[in-house]
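Colleague: I'd like a close look at one part of this model before I go back to the bench. Could you walk me through it, and then through whatever surrounds it?

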Amino acid sequence: MSTGTDAMSADRHLYRITGGMPLKGEVKVSGAKNAITKQMVAALLTEEPVRIANVPRIVEVDLVVGMLQQLGATVDWTGRHEIRVEAGTIADSGLAERYTGANRIPILMMGPLLHRVGEAVIPLPGGCQIGKRPIDYHLDALRQMGAEVIEQPTAVHVRTTGLVGAHIELAFPSVGATENIVLAAVLARGTTVIHNAAIEPEIIDTILMLQKMGALIEVQTDRRIVIEGVKRLRGTGHTAITDRVEAASFAAAAVATGGSVEVIGARQTDLTGLINSLHRIGGGFAETPRGLAFYRARDLTAANIRTDVHPGLLTDWQQPLVLLLTQAKGASIVHETIYEDRFGYTEQLRQMGARIELNTACLVGDSCRFANRDHAHSAVVNGPTPLTGRDLEIPDLRAGFAFVLAALVAEGTSTISGTRYLERGYEDPVGKLTAMGGQVETAPVG
Ligand code: EPZ
C-alpha cells in the first residue's frame with residue numbers, strides 16, 4: 001500500500017519546460033494549504049464531524065489525511081475539494097514514526113491529543129533546506145500550560161492531567177507556535193494570552209473556523225490573541241480561504257513572462273505586500289469579478305524587498321520575486337528575515353545565467369535576527385539577464401515554483417526533477433500552466 005510518506009520520497013515524474021511563451025488566460029487558485037492542514041488538525045478537538053471545503057488535492061493534504069486516520073479519525077472526501085473529518089474516538093495517542101521529518105503538522109496535534117487522551121507522542125519535524133526550524137517556542141508554551149514535555153531523539157512525548165491558560169510571550173511571531181497555542185488553549189481551563197502572536201491570514205481563517213466550533217478567541221491590537229477556554233467544541237462546516245502563495249506565484253508568472261493572467265479567487269486583502277512589490281518592479285493588477293488580473297505594465301526595473309511577518313512581505317513570495325528581479329533592469333536587493341538559509345536555490349539560477357550574489361549583512365531596512373550571525377540571508381540581483389534552459393533539481397516547495405518560472409522565462413528547454421516538493425503544495429501545476437499557454441509537459445523519471 002502506498003502511504004503518504006512514500007509520496008514524499010520519490011518523484012512521480014519530471015517536468016520538461018520550454019520557455020519563451022507569455023502566460024495568458026485564467027487560472028483558478030486552490031485553497032490555502034497552510035490554513036487547511038491546520039484546520040484538519042483542529043477537527044480533532046471535537047467528537048463531531050467537521051466539513052472543510054476548498055481543500056486542494058495535494059500531497060500535503062494526503063499526508064495529513066493519513067495522519068488523522070492513523071490516530072483513529074474517519075476522513076472522507078465528500079466532493080472533489082471537500083473533506084469530512086470525524087474524530088469520534090481517538091484510537092492512538094502516538095503518531096507513527098514514518099511521519100518523522102514529514103512536515104510541520106504533527107507538532108500541532110499535541111494540544112488536541114492532550115485534551116482528548118491526555119498524552120501524545122509526536123515524531124519531530126526535523127530541519128530542512130531553508131533553515132533549522134526549531135520547535136522550542138511550541139514546547140515552552142505547552143510547558144507553561146501545564147504539560148510535561150519529554151524530549152526524545154526523534155520524537156517528543158507530552159502528557160498532562162489538564163491544560164491551563166497562561167500568558168505566553170513569543171520571542172518571535174511564529175506562525176506554527178501561535179497555531180499550536182491556540183489549538184491547546186481553546187479547551188484549556190482559564191484564559192490564555194499570546195503576546196507577540198503571528199496574525200497571518202491563514203491563522204485568522206483557522207480562528208474563524210474554531211469560533212464556529214464554539215471557541216472564544218479575540219485577536220487584539222499589538223499582536224495579542226486572547227483565548228478563553230471553553231468546556232467543549234462542536235462540529236462545523238468551513239470554506240477555507242484561497243492560497244495566497246499560489247496566487248502570488250501565478251501573478252509573478254504573468255509579469256515575468258510578459259503575459260496577462262486572471263487569477264480567479266485571488267484576494268487583494270491577502271496580497272497587498274506582493275502587489276506593492278509587483279507595482280515597483282513593473283507589474284500591474286486589476287480587480288475582476290472573479291479575482292485579480294496580473295500583467296506586465298512596463299519594462300521591469302529593480303526594486304528592494306524585505307520579507308517579514310504578516311502584514312509584511314511573505315517569505316514564501318520571495319522566490320518568485322527573485323526570479324522576476326533577474327529580468328528587471330538594475331540592481332535589486334532582497335533581505336530575507338524569516339529563515340536564515342532561504343537562498344540556497346539561487347545557485348541553480350546562477351547556472352542558468354542569473355547574476356545573484358549572496359551577502360550575510362542585513363541589506364534592506366532594519367537589521368533582523370540574523371545580523372552578525374554569518375547567514376547568507378541577503379541577495380543582490382543584477383538584471384536583466386537572459387536565462388538558458390538546463391536541468392534543475394528542486395530543493396524545496398517554494399524554490400520549486402521559482403524554478404518552473406525560470407524555465408518558463410528561459411531560452412530553450414529545462415528538465416526539472418524534485419517535482420515531488422512542488423506537488424506537495426500546488427494542485428495540478430502542469431494542467432494549470434499549460435492551460436495558460438505554458439509549454440510544460442511531464443516526463444518519466446530516469
Ligand atoms: C509556516 O511555517 C509555514 N508553514 C511556512 O510555509 C511559512 O514560510 C512560515 O510559516 C512563515 O510564514 C506552514 O504553515 C506549514 P514559523 P512555520 O514558526 O510555522 C523560528 C511552505 O512552503 N522559530 O513562523 O514553521 C523559525 O526557525 C512553508 O508552505 C523558532 O525559532 O514558521 C523561523 O525562523 C515553508 N522556534 C521563524 O521562527 C520555534 O519554536 C518563523 O517560523 C518556532 C519558530
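Colleague: Which residues of H2 are buried?

Modeller: Quick ground rules before the helix. This is a predicted model, where local features need pLDDT of at least 70, side-chain atom pairs count only at pLDDT 80 or more, and totals for chains, interfaces and linings use all residues. Residues are numbered from 1 along each chain as its sequence is written, and side-chain values use heavy atoms, with hydrogens and water left out.

Now to your helix. The buried residues of H2 are Lys33, Ala35, Ile36, Thr37, Lys38, Gln39, Met40, Val41 and Ala42. That is nine of its ten residues, which makes H2 mostly covered. Buried here means under 20% relative accessible area, exposed means over 50%, and partly exposed is in between, all with a 1.4 Å probe and the protein chains only. Helices are DSSP runs of H or I with at least four residues, strands are runs of E with at least two, and both are numbered from the N terminus.

H2 also takes you to the ligand. Lys38, one of the buried residues of H2, is also among the residues that come nearest to the ligand, together with Asp136, Ser174, Val175 and Ile338, out of 23 residues around it. To be counted as near, a residue needs one of its heavy atoms within 4 Å of the molecule.

Some polar contacts are worth picking out; the term stands for a pair of N or O atoms within 3.5 Å (within protein, one must be able to donate a hydrogen and the other to accept it, and residues adjacent in sequence count only if both atoms are side-chain atoms). Aspartate 136 puts a polar side-chain atom 2.7 Å from a ligand nitrogen. Glycine 176 uses its backbone instead, with an N or O atom 2.8 Å from a ligand oxygen. Arginine 369 has a polar side-chain atom 3.3 Å from an oxygen of the ligand. On its own the ligand has 830 Å² of accessible area, and the protein covers 92% of that. Those areas come from the Shrake-Rupley method with a 1.4 Å probe, and for residues, only the protein chains shown count as cover.

H2 (33–42) gives two or more residues to the shell around the ligand, and so do H5 (136–144), H6 (175–185) and H12 (397–409). By type, the shell divides into nine nonpolar, five polar and nine charged residues. The sorting puts Ala, Val, Leu, Ile, Met, Phe, Trp, Tyr, Cys and Pro under nonpolar, Asp, Glu, Lys and Arg under charged, and the others, Gly among them, under polar. At least three shell residues come from each of domain 1 (4–30 + 242–391 + 399–443) and domain 2 (33–239), with the bounds taken from an automatic or database domain assignment.

For another covered helix, look at H10 (residues 318–325): eight of its eight residues are buried. Among them are Pro320, Leu321, Val322 and Leu323.

If you care about cysteines, the model has zero disulfides, a disulfide being a pair of cysteine sulfur atoms within 2.5 Å. For cysteine 362, the nearest cysteine sulfur is that of cysteine 368, 3.8 Å away, and cysteine 362 is in no disulfide. Cysteine 362 counts as buried because its relative accessibility is 19%, and cysteine 368 is buried at 14%.

Now some loops. Glycine 365 sits in the one between E19 (355–359) and E20 (378–383), and at 58% relative accessible area it is exposed. Leucine 233, in the loop between E12 (224–228) and E13 (236–239), is buried at 3%. Its C-alpha is 8.3 Å from that of glutamate 47, although the two are 186 residues apart along the chain.

Last, the backbone oddities. Most residues other than glycine have a negative phi, and most peptide bonds are trans. The bond from histidine 310 to proline 311 is cis, with omega near 10°, and the one from glycine 383 to proline 384 is cis with omega near 0°. Proline 384 belongs to the loop between E20 and E21 (391–393). Asparagine 196 has a positive phi near 60° and is partly exposed at 24%. Aspartate 222, also not a glycine, has a positive phi of about 60° and counts as exposed at 65%.
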